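Me: I'm new to this one. Could you pick a single part and walk me through it closely?

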Amino acid sequence: MAKLQIRVYPDPVLKKKAEPVTDFDESLRQLAADMAETMYANDGVGLAAPQVGVSKRFLVLDVSPTEERGRNLLVLANPQILLADGDVEWDEGCLSLPGMSVKVHRKAHVQVEAQDLAGQVFRMDADQLLAIAVQHEMDHLEGTLLLDHASRLKRRLLIRDYQRNRMKEDSE
Ligand code: ZN
């Protein structure tokens, strides 16, 4: 396994609509293992392939509490939301937007259909944090970022603060 480099805004791969996964082969299994390692190393609850520079409809998730991390890894290829209901609002962060937090409205419950590493179709029900995480990661497959959930004015302020922080980090 290898830790991958996380692409951060404004990397153009983050704005691309990702392509379907068609090959359920060894390289996909390797990608899943590397993405999981990268997610855990960065304390993320989810990671989408575009965030590591791979424009594929593929993501990993694990929203378990710290002591159970690694035991509940979910791997989803070509996920689709079948049903969604309820509303939830959450301050979300993103590994591709370090330091940024945006209040986002999501569905509180979603039913998702996806394929596993063997290409088998499965369904899963997700509530609360898992529902939020899966919707967040699926946004990445459309090239949608947290920023796109903010109003135009708010977005401008968020980008300004983000760029200031990046510049500060670069000069340190
Ligand atoms: Zn994200």
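**A close look at helix α2**

Reply: Let's start with A131, which counts as buried because its relative accessibility is 0%, and keep in mind that this is a predicted model. A131 sits in helix α2, which covers residues 128-141. Leaving out residues up to four places away in sequence, A131 touches K107, A108, H109, V110 and A126. V104 is 27 residues from A131 in sequence, and their C-alpha atoms are 13 Å apart in space.

Now for the packing around the helix. The largest nonpolar core has 16 residues, and L59, L61, L76, M124 and V134 have the most contacts inside it. Two or more residues each come from β2 (58-61), β4 (102-115), β5 (121-127) and α2, with α2 giving the largest share, 6 residues. Take V134: not counting residues up to four places away in sequence, V134 touches L61, L76, V110, V112 and M124. There's also a second, separate core of 15 residues, with Y9, L97, V102 and L158 among them.

Helix α2 has a part in the metal site too. H136 and H140 both lie in α2, 4 residues apart, or about one turn of the helix. The zinc ion's protein donors are C94 through SG, and H136 and H140 through NE2, at 2.0 to 2.2 Å from the ion. Along the chain, the donors follow the spacing C-x41-H-x3-H. Are these two histidines buried or exposed? H136 counts as buried because its relative accessibility is 7%, under the 20% cut-off, and H140 is buried as well, with a relative accessible area of 1%.

How values were computed:
Residues numbered from 1 in each chain as written. Predicted model: local features only at pLDDT ≥ 70, side-chain atom pairs only at ≥ 80, totals over all residues. Heavy atoms only, no water. Buried < 20%, exposed > 50% of the residue type's maximum accessible area, 1.4 Å probe, protein only. Contact = heavy atoms within 4.5 Å. Core = buried A, V, L, I, M, F, W, Y, C linked by side-chain atoms within 4.5 Å. Donors = N, O, S within 2.8 Å, 3.2 Å for Na, K, Ca; no water.
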